[in-house]
Amino acid sequence: MSEIQTLRSIINDSLDIMQSELNSANLPEFWVSIPEAHPADAPDFLPSPRLCESRRILLAALRMMATAIQPPSEKIIEAGWCHQEASALTTAIKYNVAQDLCDASVDQEKGVEGAILASKYGLLPDEFTRVMRALAAKHYIRETSEGCFAANRVSVALTPPNAAPRAAAYNGGFGLAVATRLTDSLDIHEHRTAAQLAHGYDTDLFTFLTTNSKYFNIFTAAMTGTYDATHASLMADYPWAELSSDTVVIDIGGGEGGLGMAIVKAFPHLKVINQDRPEVQAPAYKNWQSHIPDIFESGRIAFEPHNFFDPEPRKGAQYLCIIHDWPYDDCVAILNCLKSAMVPSSRLLIIENVVYPPVSPSAYVPFMLGSVNNRQAFKKADTPWPLPNGSQVLELTHDYEMLSNFKAKERTPSEWRSLLGDVGMKMVKIWPTRTPFSIVEAALE
Ligand SMILES: C[S@@+](CC[C@H](N)C(=O)[O-])C[C@H]1O[C@@H](n2cnc3c(N)ncnc32)[C@H](O)[C@@H]1O
């Protein structure tokens, strides 16, 4: 079969599998235009392995199909304007447009005039309407008649309490400016990041954030926005239940404590200590008090100020950490501080975007979702030809962001083996999850 015929058959087959998975879970088919959330949009929704993998492969095939049919010169020109989508989204988030469009008073057939919304926000009607139109063209909202706008399913995900907009708000408030300096930062052969060039600081980003409350708030909220919808899978795809009942899990650099909260909610036999910089204590307390007041009161989750460049004070526990935002030497220093506390039974779980380079396959790999079984532990399907192995859009986005903000990185499996080996640890296993994140399990050598 030709490349395009194969893509067409992957698209048809994965669509069929996706639909049958939805049917067996008694879920409706997906939609765009209806201004309601699909049950699978809930942050705590856990897709079956086959639903997860059919969606992943379908998305990859649709993206490649779009490349096949679009004139290459047009693709290049369109991509050159990609910052426009991010800036339009930032505007929508700033004014909470989606909340207004989803309001019960809005007739979703007719929509609301852009000019009425513009006047509510104190903006010029023509300018604002064109930003709205850009959003409608990308399916964040609908244009129902010229200059009138209504909500769709994506608009619903843009309204509180959904956390994803907080991740996108970070891009508008901080990341877009960083992106403009990435190219400049590459030919400075010393540790000078695009973020430092864009925002004019010399320290590491986290130290800079402590001096700037606006960016501190944007960044801290963005972490919750990024990780919030991953917790159901992170809980299901690692055998937390098998940890013994005296286990203390230390989440090092745990931020507002969303992951720790998911662990203590799902596994009553576990305790979590969330370690982070002292200034993160207040947001973490606020988070736990509003979501898990009883567990917080019981002391099964606690905050401990700790600098992870100092030796880890809690010996012989199970440890979680994220180190993708530190350059190599810092990663080695952090891991050594942690290693000093580990005993042979300790495990270090590093929750990051393991990167599988998007290598173009030379051999034919058929589309076989048969190997993904809903009754077994989650495993990823082999990516079929002609999709590049990997096909990881969000994972590679994170890697680029780590480069831009920290001159740090997401790692391939061999890079993980090598880094862990450099500090006298070994990789036990990489656990794939139904999110862009994997869990890299490490132990003492
Ligand atoms: C990638 S974020 C972690 C996000 C978090 N796991 C979550 O689920 O929201 C990195 C965290 O490392 C923390 N951090 C940065 N430098 C630190 C240090 N020297 N010691 C301890 N924590 C630090 C930051 O405050 C931030 O919360």
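## Terms and Basis of the Model

Two strands are said to pair if DSSP finds at least two bridges between them. Helices (H or I, at least four residues) and strands (E, at least two) are DSSP runs, numbered from the N terminus.

This is a predicted model, in which local features need pLDDT of at least 70 and side-chain atom pairs count only at pLDDT 80 or more, while totals for chains, interfaces and linings use all residues. Residues are numbered from 1 along each chain as its sequence is written, and side-chain values use heavy atoms, with hydrogens and water left out.

## Strand β7 and Its Partners

Strand β7 covers residues 318–321. Strand β4 (residues 248–252) runs parallel to β7 and is joined to it by four bridges; here Val249 stands opposite Gln318. Strand β8 (residues 348–352) is also parallel to β7, with three bridges between them, and Cys321 of β7 faces Ile350 of β8 as its opposite residue.

Both faces of β7 are covered. Gln318 and Leu320 on one side, and Tyr319 and Cys321 on the other, are all buried (under 20% relative accessible area, with a 1.4 Å probe and protein chains only).

## The Annotated Domain

The unreviewed UniProt entry lists residues 196–355 as "domain: O-methyltransferase C-terminal"; such annotations may be inferred rather than shown by experiment. Over residues 196–355 the chain is 43% helix and 16% strand. The C-alpha atoms at the two ends of this range are 25 Å apart.

## Surroundings of the Ligand

The ligand has 16 residues around it, counted as near if one of their heavy atoms lies within 4 Å. Those that come nearest are Asp276, Arg277, His306, Asn307 and Phe308. The shell divides into eight nonpolar, five polar and three charged residues; Ala, Val, Leu, Ile, Met, Phe, Trp, Tyr, Cys and Pro count as nonpolar, Asp, Glu, Lys and Arg as charged, and the others, Gly among them, as polar.

Polar contacts are pairs of N or O atoms within 3.5 Å. A ligand nitrogen atom lies 3.4 Å from a backbone N or O atom of His306. For the side chain of Asn307, an N or O atom is 3.0 Å from a nitrogen atom of the ligand, and for Phe308 a polar backbone atom is 3.0 Å from a ligand nitrogen atom. Taken alone, the ligand exposes 600 Å², of which the protein buries 94% (Shrake-Rupley method, 1.4 Å probe).

## The β9–β10 Hairpin

Strands β9 (residues 425–432) and β10 (residues 438–444) pair in the antiparallel sense over seven bridges. Together β9 and β10 form a hairpin, with five residues between them. Pro432 has Ser438 in β10 as its bridge partner.

Key. Polar contact = N/O pair within 3.5 Å; in protein donor to acceptor, adjacent residues only side chain to side chain. Buried < 20%, exposed > 50% of the residue type's maximum accessible area, 1.4 Å probe, protein only.
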